[in-house]
Amino acid sequence: MTESADRDVNQRLRERFAEVHSQYRQLRSGLDELQEKLAALRLTERSADGLVTVVVGPRGQVISVTLDAAVQRERDVDRLGRTITETIHGATTAATEATQRLVAAYLPAGSGALDYLRDGNFGSLLRRSDAVLGGDTDGDTERNG
């Protein structure tokens, strides 16, 4: 009976390993494609008044800022500055969301890396490992010394 139970446990372990290995192969094979898609990602944001157009890359890096010719009539330079800043922020937010969607298609559900992209918390990267090892599972990786 013990031998049968051991075989069942071993079979389940082999099946789980095969599943994890398959997920890894899928992730690995898609990384080149993901990298190409991310490199090509460009997001364009236009201000509400149409005077400012901003293009950003996948990390929110500003690629270009274009001002409409009508901006020459804008006498309130502070307002123009705020409009440029708000447009950049909007483009950066859109880039973050687009990058998250792209990456999500390549990572397994519940991936700590995907959670980190969403919340910026390093604890997200370690949450699953901590749970498996019986460590800190609330995402708080700070330790009091």
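## Surface and charge

Accessible areas here come from the Shrake-Rupley method with a 1.4 Å probe. On that basis, the protein chain of this predicted model exposes about 10400 Å² of accessible surface, and carbon and sulfur atoms own 51% of it.

As for charge, the chain carries 19 positive and 23 negative charges, and the mean positions of the two sets lie 5 Å apart.

## Overall shape

What radius of gyration does the protein chain have, against that of a compact globule of 145 residues? The chain comes out at 23 Å, while the globule would be near 15 Å. Lined up on the principal axes, the C-alpha atoms take up a box of roughly 85 × 40 × 20 Å.

Buried residues make up 27% of the 145 in the chain. If you look at contacts with a separation of 6 or more, 36% of them link residues 24 or more positions apart.

## Fold order and helix α1

There are four helices and three strands in the protein chain. Walking along the sequence, you meet them in the order α-β-β-β-α-α-α.

Helix α1 covers residues 2-40, and Leu 13 sits in it. Is Leu 13 buried or exposed? Exposed means over 50% relative accessible area, and Leu 13 has 53%, so it counts as exposed. For a feel of distance, take Leu 13 and Glu 33: they are 20 residues apart along the chain, and their C-alpha atoms are separated by 31 Å.

## The strands

Strand β2 (residues 52-56) pairs with β1 (residues 43-46) through four bridges, and the two run antiparallel. Within that pairing, Glu 45 has Val 54 as its bridge partner, and Arg 46 stands opposite Thr 53. The hairpin of β1 and β2 has five residues between the strands, and Gly 50 there adopts a positive phi near 80°.

β2 also pairs with β3 (residues 62-67), again antiparallel, this time with five bridges. Here Val 52 faces Leu 67 of β3. The β2-β3 hairpin likewise has five residues between its strands, with Gly 60 in the turn at a positive phi of about 85°.

## How covered is β2?

How many of the five residues of β2 are buried? Five of the five are, which leaves the strand mostly covered. The cover reaches both faces: Val 52, Val 54 and Val 56 are buried on one side, and Thr 53 and Val 55 are buried on the other. Two of these residues have already come up as partners of β1: Val 54 across from Glu 45, and Thr 53 across from Arg 46.

Definitions and conventions: Residues numbered from 1 in each chain as written. Predicted model: local features only at pLDDT ≥ 70, side-chain atom pairs only at ≥ 80, totals over all residues. Heavy atoms only, no water. Pairing = 2+ DSSP bridges. Rg over C-alpha atoms; globule rule 2.2 N^0.38 Å. Buried < 20%, exposed > 50% of the residue type's maximum accessible area, 1.4 Å probe, protein only. Contact = heavy atoms within 4.5 Å. Lys, Arg positive; Asp, Glu negative; His and termini not counted. Charge placed at Lys NZ, Arg CZ, Asp CG, Glu CD.
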